[in-house]
Amino acid sequence: MDNRPRLYLTAAFLCGVLLTLGFKDFYPDLERRFRRRRMPIDTVAGAGLATKDQIDLEDHTRSQKPDKAHHVEVPEGIETCVGNTPLFRIKSLSEETGCEILAKAEFLNGAGGSPKDRVALNMIKTAEEQGLLTPHSGDTIYEGTVGSTGISLATICRARGYLAHICMPSDQATEKSDLLLKLGAVVDRVPPAPIIDPMHFVNRARSLAADHTADPKRPGRGYFADQFENQANWQSHYEGTGPEIFTQCGGKLDAFVAGAGTGGTIAGVARFLKPKLSGPRVVLADPQGSGLFNRIKNGVMFHPLEREGTRRRSQVDTIVEGIGINRVTANFEAGRELIDDAIKVSDEEAMAMARWLAEKDGIFVGSSSAVNCVAAARLARQLGPGNRIVTILCDSGTRHLSKFWAQAGNVGGRTESQLEEILGPRQK
């Protein structure tokens with residue numbers, strides 16, 4: 001019997017097995033290529049492509065090495081959070097007046113939450129450069145303040161290796177002294193007194209610093225920061241606040257409005273902006289009871305029959321804290337000749353403006369910021385529509401709950417307040 005058919009069948013069977021084994025590895029790739037050519041154009045890979053376009057996807061994750069991480073400089077310490085605060089448009093006041101009223105949000109300074117962060121940091125740095133302070137040596141910084149400068153000093157002192165001893169009038173909001181204690185500062189609340197009294201809060205801070213330095217049993221030295229007379233105050237605003245405003249406004253503004261306590265903010269900003277711009281108006285916002293309005297308007301603090309700085313009088317008679325003073329300071333005088341005008345603001349106007357900002361814009365600020373905004377709105381009416389006015393929002397209303405906001409009251413459900421209720425009717 002011929003065995004060739006059986007051999008043919010066996011050979012065919014073996015060939016079929018070999019072909020099956022080979023095609024098994026080749027077929028999946030063939031199938032993928034076929035499906036890729038038939039892939040609809042509305043898939044993720046083919047979205048927006050014509051049918052003839054083809055995308056070959058390749059996986060390089062296994063062969064590629066990850067890039068080296070880029071070096072990023074991380075800021076050192078809370079001091080680096082001071083400055084470069086935002087500038088924003090106060091919508092309600094801008095719409096009501098026809099002017100662009102811009103606010104420098106100084107309450108967003110990252111150490112003590114006010115423009116005094118700039119001052120405190122610059123005073124400490126300057127003293128270090130002059131060899132008057134040495135970190136972690138037991139040196140203590142003494143200051144007389146109504147609160148904000150003390151809070152900034154207490155914060156930055158701890159950050160840079162110092163202790164803080166703060167003297168403040170006893171009639172200031174208690175939340176300020178409470179916060180100072182939480183920050184580790186020693187707090188002396190002294191009765192309000194005129195500047196010629198040795199127990200005035202500034203004079204007491206000065207004498208305590210001298211006593212510390214003279215005591216051989218106490219570690220370190222006592223340094224009196226002297227914010228009212230220290231030139232590092234206005235210089236911090238000349239070097240920081242002023243240039244920031246100029247840049248954020250694109251070099252275009254018609255007026256700058258600010259209150260003055262030490263006078264450092266308005267002096268420093270005025271000294272920077274005036275030479276840079278053609279004709280910007282610098283206007284002082286002054287609370288009731290302060291003598292600075294008269295200083296700008298008439299050249300003297302009090303009545304012509306009274307000598308400056310010698311009249312025995314109580315603290316400025318106002319609910320407003322942080323601005324307003326009845327004596328001449330070196331920082332204010334550094335920019336006084338550059339101040340074009342002054343606007344007096346009553347306590348009632350300040351409280352009404354604080355409620356307005358909360359009601360209309362959700363902005364919750366303290367008394368000095370409210371004074372600034374009253375003056376800015378009133379100046380906008382004087383200048384007319386189309387002008388750009390910059391002012392300062394100094395600190396949060398949370399520092400003024402027990403005094404200013406306790407009298408200002410709650411906003412409640414009000415939504416229909418009118419600006420005329422604050423500024424009075426428009427003059428025709």
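This passage describes the overall make-up of a predicted model of one protein chain and then turns to several of its helices and to three single residues.

The chain contains 14 helices and 10 strands. Of its 428 residues, 47% are buried, and the surface that the chain exposes amounts to about 22300 Å², of which carbon and sulfur atoms supply 54%. When contacts between residues at least 6 apart in sequence are considered, 73% of them join residues that are at least 24 apart.

Helix α3 (116-129) consists of 14 residues, and the distance from its first C-alpha to its last is 20 Å, which is close to the 20 Å expected at 1.5 Å a residue. The helix is mostly covered, since 10 of its 14 residues are buried. These buried residues are K116, D117, R118, V119, A120, L121, N122, M123, I124 and A127. The elements that cover them include the strands β2 (100-105), β3 and β6 (222-224), together with the helices α4 and α7 (232-248). After α3 comes G131, which has a positive phi near 75°.

Helix α4, which covers residues 148-160, has 13 residues and should span 18 Å at 1.5 Å a residue; the C-alpha atoms at its ends are indeed 18 Å apart, so the expected and computed values agree. How much of α4 is buried? The count is 11 of 13 residues, and the helix is therefore largely enclosed by the rest of the structure. The buried positions comprise S148, T149, G150, I151, S152, L153, A154, T155, I156 and C157, to which R160 is added. These residues pack against two helices, α3 (116-129) and α5 (174-182), and against two strands, β3 (140-144) and β4 (163-169). The residue G161 follows α4 and has a positive phi, near 90°.

The packing of α4 with α5 can be described in further detail. The axes of these two helices are 9 Å apart and form an angle of about 10°. Because angles under 35 degrees count as roughly parallel, α4 is described as roughly parallel to α5. At this contact, G150, I151 and A154 of α4 meet K176, L179 and L180 of α5, and the residues involved are divided by class into 4 nonpolar, 1 polar and 1 charged. An α-helix has 3.6 residues a turn, so residues three or four places apart point the same way. Within α5, the residues E175, K176, S177 and L180 are buried, and the elements covering the buried residues of this helix include α4, β4 and β5 (186-190). Just after α5, G184 adopts a positive phi of about 90°.

A second pair of helices, α11 and α12, is arranged in another way. The axes of α11 (residues 347-361) and α12 come within 8 Å of each other and cross at roughly 90°, and the two helices are therefore roughly perpendicular. On the α11 side, E349, A350, M353, A354 and L357 take part in the contact, where they meet A370, V371, C373, V374, A377 and R378 of α12. By class, this contact has 9 nonpolar and 2 charged residues, with no polar ones.

Helix α12, which covers residues 367-383, also holds S368. Is S368 buried or exposed? With a relative accessibility of 4%, S368 counts as buried, because the cut-off for a buried residue is under 20%. When residues up to four places away in sequence are left aside, S368 touches V320, E321, I323, C394 and D395.

Two further residues illustrate exposed and buried positions. E95, in helix α2 (residues 91-97), has a relative accessible area of 59% and is exposed. Although E95 and P385 stand 290 residues apart along the chain, their C-alpha atoms are separated by 9.8 Å. I325, by contrast, is placed in the loop between α9 (292-298) and α10 (330-333), and its relative accessibility of 8% means that I325 counts as buried. The C-alpha atom of I325 is separated by 9.0 Å from that of D286, a residue 39 places away along the chain.

Terms used:
Residues are numbered from 1 along each chain as its sequence is written. This is a predicted model: local features need pLDDT of at least 70, side-chain atom pairs count only at pLDDT 80 or more; totals for chains, interfaces and linings use all residues. Side-chain values use heavy atoms; hydrogens and water are left out. Helices (H or I, at least four residues) and strands (E, at least two) are DSSP runs, numbered from the N terminus. Buried means under 20% relative accessible area, exposed over 50%, partly exposed in between (1.4 Å probe, protein chains only). Contact means heavy atoms within 4.5 Å. Accessible areas come from the Shrake-Rupley method with a 1.4 Å probe; for residues, only the protein chains shown count as cover. The expected span of a helix is 1.5 Å times one less than its number of residues. Axes are lines fitted to C-alpha atoms, for helices over the stretch in contact, and angles run from 0 to 180 degrees between N-to-C directions. Angles under 35 degrees count as roughly parallel, over 145 as roughly antiparallel, 65 to 115 as roughly perpendicular and the rest as oblique. Ala, Val, Leu, Ile, Met, Phe, Trp, Tyr, Cys and Pro count as nonpolar, Asp, Glu, Lys and Arg as charged, and the others, Gly among them, as polar.
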